[in-house]
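Q: I would like to learn how to read burial, patches and strand pairing from a model. Can we work through an example?

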Amino acid sequence: MRCSALLLSLLFSGAVHAQQDAPPDLAFDRPGIGFAASTLPRGGVALEAGLPSFSRDRDDAGVLSTQYSTDLNLRIGVASHMELQAFTSPWNHLRVAPRGAPSERSHGAGDLGLGLKVALPFSSEKHALAVLASTTFATGSRDVSEGATQYALGASYEYDFNDQWTGALYANVTRGGSEDSVTWAPSLSFAATDALSTYLEAGFTDTDGEPSTEIAGAGITWMVTPTVQLDASFDVGLDDDSPDVQAGLGVSVYFQ
């Protein structure tokens, strides 16, 4: 937990020193299954963190798995409509409890990933589309690493119905360890005020050789200042093969 405390300290220290001026269309990639259909302006930097994320699942054999993790995503605007990303999970704690047997615990850092995000221009401000290509390297601890290099290509499309309601559709294809995984997720967001927004989402994933999974959930974001966002979210499994519960708290800070 000392890693989480240090991360919190760094984030809030950065938030205190962050400039209060933010681009009018600033959007963070967290929370939610997908990502924002926009990029940071050139020279802009955003640090987004889950503090922590939580997952709980009991499989058909009665094995209960509980995981806590800190997710970290660094975004850097390098050109108009283009940004670089670096992401990892610096701290993870996994508890596996078989039915009728002692539980096992493990912890360690997750894999490191790099990505390039590009926002495609539209003539209408009601539409927004961004594409994110990323690679995740198997640098993490054995029990929390994917075990092989992962390649992913995702796209996020958003449509503004009006000043308050926005619909979005996210799709992603991942290749790694000779397995292909396809995820798509629709969502609907409502801006209650200039600072407070909520959303509903659903996610569907198909993986070669494994059962499909379906989840649904909701979240809330609060812009504490024009450059600092707090968030809370949860998802629940809609079938026996999906994680029972996933939830998280997060903070995102923008620097110029």
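Q: Does Leu84 count as buried, partly exposed or exposed, and why?
A: This is a predicted model, where local features need pLDDT of at least 70, side-chain atom pairs count only at pLDDT 80 or more, and totals for chains, interfaces and linings use all residues. Residues are numbered from 1 along each chain as its sequence is written, and side-chain values use heavy atoms, without hydrogens and water. Buried means under 20% relative accessible area, exposed over 50%, and partly exposed in between (1.4 Å probe, protein chains only). Leu84 counts as partly exposed because its relative accessibility is 41%.

Q: Which residues make the nonpolar surface patch with Leu84?
A: A patch takes residues with over 30% relative accessible area and no salt bridge (side-chain nitrogen of Lys or Arg within 4 Å of a carboxyl oxygen of Asp or Glu); nonpolar side chains are joined within 5 Å. Here Leu74, Ile76, Val78, Leu84 and Leu116 make a patch of about 340 Å². Strand S2 (residues 64–79) gives the largest share, three residues.

Q: Which residues form the largest nonpolar core?
A: A nonpolar core joins buried Ala, Val, Leu, Ile, Met, Phe, Trp, Tyr and Cys through side-chain atoms within 4.5 Å. The largest has eight residues: Phe35, Ala37, Ala119, Ala128, Ala130, Leu132, Tyr170 and Ala185. Strand S6 (residues 127–137) supplies three, the largest share.

Q: How many bridges join S11 to S12?
A: Strands pair if DSSP finds at least two bridges between them. Strands S11 (residues 213–225) and S12 (residues 228–237) run antiparallel with 10 bridges, and Thr221 has Asp231 in S12 as its bridge partner.

Technical notes: Helices (H or I, at least four residues) and strands (E, at least two) are DSSP runs, numbered from the N terminus. Patches are made of residues with over 30% relative accessible area and no salt bridge: like charges are joined within 9 Å, nonpolar side chains (Val, Leu, Ile, Met, Phe, Trp, Tyr) within 5 Å. Accessible areas come from the Shrake-Rupley method with a 1.4 Å probe; for residues, only the protein chains shown count as cover.
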